[in-house]
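Trainee: I would like to go through this model with you, one question at a time, and reason each answer out.

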Amino acid sequence: FRKTHPETPFFIIAVTPTSSRWSAWTEISKANELIREACENNRNTCFIKTDFAFLDEAGKPDDSLFVSDKLHLNSEGYRIWTAIIRPELDKILKK
């Protein structure tokens, strides 16, 4: 993709912390950080951090933002996700 479209913005959204995959969160956080670093070192590549919005005061996933499987966002979760992602897209795409 980069070879044929080097100027096209590419966005990567961080993996969201969820109760269903909380046991792997340490590894997922490391992966998110490596991806973020790679984005910083590649032109027209943006990492969108979202994890902070889905953790409660204790630093655990806020299950009220997910459907019963505790993996997929509910409507409030998507509202929050959109409120984070849309401004990041707009910063780049509305230039």
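Trainee: Leaving aside neighbours within four places in sequence, which residues is Ile 48 in contact with?

Mentor: Bear in mind that this is a predicted model. Once the neighbours within four places in sequence are left aside, the contacts of Ile 48 are Phe 11, Ile 12, Ile 13, Ala 14, Ile 84, Ile 85, Glu 88 and Leu 89.

Trainee: Which element gives the largest share of the largest nonpolar core?

Mentor: The largest nonpolar core has 8 residues, namely Ile 48, Phe 54, Leu 65, Phe 66, Leu 73, Ile 80, Ile 84 and Ile 85. The largest share of this core amounts to 3 residues, and the element they come from is α2.

Trainee: Is Arg 79 buried, partly exposed or exposed?

Mentor: Arg 79 has its place in helix α2, which covers residues 75-93, and its C-alpha atom is separated by 11 Å from that of Ala 53, 26 residues apart along the chain. Buried would require under 20% relative accessible area and exposed over 50%. Because the relative accessible area of Arg 79 is 48%, this residue is partly exposed.

Trainee: How many disulfides are there, and why is Cys 46 not bonded to Cys 39?

Mentor: A disulfide needs two cysteine sulfur atoms within 2.5 Å. The cysteine sulfur closest to that of Cys 46 is in Cys 39, and because it is 7.3 Å away, it is too far for a bond. The count therefore comes to 0 disulfides.

Trainee: Is Cys 39 buried or exposed?

Mentor: Cys 39 is in no disulfide, but its surroundings can be judged from its accessibility. Because its relative accessibility is 5%, and the cut-off is under 20%, Cys 39 counts as buried.

Notes. Residues numbered from 1 in each chain as written. Predicted model: local features only at pLDDT ≥ 70, side-chain atom pairs only at ≥ 80, totals over all residues. Heavy atoms only, no water. Helix = DSSP H or I, 4+ residues; strand = E, 2+ residues; numbered from the N terminus. Buried < 20%, exposed > 50% of the residue type's maximum accessible area, 1.4 Å probe, protein only. Core = buried A, V, L, I, M, F, W, Y, C linked by side-chain atoms within 4.5 Å. Contact = heavy atoms within 4.5 Å.
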